[in-house]
Amino acid sequence: MLEGKKIILGITGSIAAYKAAYLTRALIKKGAEVQIVMTPSGKEFITPVTLSALTGKPVVSEFFTANDGTWHSHVELGLWADAMLVAPATASTIGKMANGIADNMLITTYLSAKCPVFVAPAMDLDMFAHPSTQHNLERLRSYGNHIIEPATGELASHLEGKGRMEEPDRIVACLENFFSRRQSLAGRKIVITAGPTYEKIDPVRFIGNYSSGKMGFALAADCAARGAEVVLVAGPVSLSTPPSVRRIDVESAAQMYDAATREFSDADAALCCAAVADYAPAAYSEQKLKRTGENLVLTLSPNKDIAAELGRMKRAGQCVAGFALETEHETVNAQEKMQHKNLDFIVLNSLREQGAGFRIDTNKVTIFEQNGNKTEYPMKSKREVAADIVDVLSEYIAPVKK
Ligand code: CTP
């Protein structure tokens, strides 16, 4: 899977840099062409001579070659690569990447790179756990970068904990996995609804819900990473659009319905992830409602069910999947929803599970399929849950690989 792939390996100043030689060799053995870019402190931990001997190319570290003034173009490097891997990535480099502090060749290359970027953090456990590091990693994820989680074990400080750079073989496996999935949904169009809807009461008030949109955005990112054409119909959320995703912003359930049904007509699949308001105020008040001191009665009218409509529109070969967020009788309710909305599968998340639900980064789901399959997954990050869901979706819309 890495045959002929051009990979920039960024090496920073961590003791784990000693593993970079093995990592370089492992990438080359898989057929990759490797260009090393080092930060100045990376060179304190492993010599450029070792690395250039392995890659057969000079290591790039400075903007200019000192003796003849040759300029090393980070822009050309960034465009040359099929992937950039920063391993080991220190807290400092992660912080600079997250904030665009371009004070060395590695960061300028990162900012110029148009290719997928992988980051393998390596640091002490407390540094890794620090909110600042976690916040920076979250930022990198929001840019579409792939974080290769560090392992737990003995660290250079002799403390035990999470922060040890993942083993080179596993890093290589991550890249291989990425490239093998990358085109698996090429040519497929997938419509995803995400986030809450806001139903206007008057010019300053609305009925909404706590949905953050994170699950739907993670699904969009995953489908796009596998090469699908993704249309993300998003309610009001404060999330950035994943790379290569076409986003249609809507506010109300009615607007979401119009966009989703229009886009689904020539799509291969729809993932209905939005927390659509079931009701909207029957009448919108042009003027702000005034306080009267009396009870206020709002009359609500039912909204159209988007998932059910897509299930009704569905032609042979199209797949529609939905979500069920339940607080009781989870299994029965989820399966009933799958039936009456004519979904191919439904993803159940129970609000009773700790770590599942709104406004958090983890989720614990069970997938029920129309063919009777039931798969329970452990607690995972929403990104990992998205990958599990898209794996199931792929069985419906991707050519079956033997
Ligand atoms: N859904 C939708 N349009 C609606 C309501 C729900 O597309 N107007 C979709 C959701 O995106 C989800 C699935 O239907 O994929 C189930 O949503 P949920 O709110 O759990 O179900 P409801 O049908 O609204 O049932 P209830 O609120 O009574 O549990």
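The following exchange goes through two sheets and one helix pair in a predicted model.

User: Why is helix 1 called oblique to helix 9?

Analyst: The axes of helix 1 (residues 20–29) and helix 9 (residues 168–182) cross at roughly 40°. Angles under 35 degrees count as roughly parallel, and 65 to 115 as roughly perpendicular. The angle of roughly 40° fits neither range, so helix 1 is oblique to helix 9. The two axes come within 9 Å, and the crossing is right-handed.

User: What makes helix 1 and helix 9 a contact, and which residues meet?

Analyst: Contact means heavy atoms within 4.5 Å. On the side of helix 1, Y22, L23, A26 and L27 take part, and they meet P168, D169, I171, V172 and L175 in helix 9.

User: How many residues of this contact are nonpolar, polar or charged?

Analyst: The contact of helix 1 with helix 9 has 8 nonpolar residues, no polar ones and 1 charged. Asp counts as charged, so D169 is the charged residue.

User: What makes strand 2 and strand 5 edge strands?

Analyst: They belong to an open sheet of 5 strands in the order 2-1-3-4-5, with parallel pairing. Strand 2 (33–38) and strand 5 (146–147) each pair on one side only.

User: How do you know that strand 1 and strand 2 pair?

Analyst: Pairing needs at least two bridges. Strand 1 (residues 6–11) and strand 2 have 6 bridges in the parallel sense, so they pair. Within this pair, I8 stands opposite Q35 in strand 2.

User: Which strands does helix 1 touch, and what is its direction against strand 1?

Analyst: Helix 1 packs on this sheet and touches strand 1, strand 2 and strand 3 (83–89). Its direction makes about 175° with that of strand 1. Angles over 145 count as roughly antiparallel, so helix 1 runs roughly antiparallel to strand 1.

User: Why is one side of strand 12 and of strand 20 left without a neighbour in the other sheet?

Analyst: That open sheet has 8 strands in the order 12-11-8-13-16-17-19-20, with mixed pairing. Strand 12 (245–249) and strand 20 (374–376) stand at its edges, each with a single partner strand, so one side of each has no neighbour in the sheet. Neighbouring strands are turned by 15° against each other on average, direction ignored.

User: What makes strand 19 and strand 20 a pair?

Analyst: Strand 19 (residues 365–369) and strand 20 share 3 bridges in the antiparallel sense. At least two are needed, so the strands pair. F368 stands opposite K374 in strand 20.

Conventions: Residues are numbered from 1 along each chain as its sequence is written. This is a predicted model: local features need pLDDT of at least 70, side-chain atom pairs count only at pLDDT 80 or more; totals for chains, interfaces and linings use all residues. Side-chain values use heavy atoms; hydrogens and water are left out. Helices (H or I, at least four residues) and strands (E, at least two) are DSSP runs, numbered from the N terminus. Axes are lines fitted to C-alpha atoms, for helices over the stretch in contact, and angles run from 0 to 180 degrees between N-to-C directions. A crossing is left-handed if the near helix is turned anticlockwise from the far one by less than a right angle, and right-handed if clockwise.
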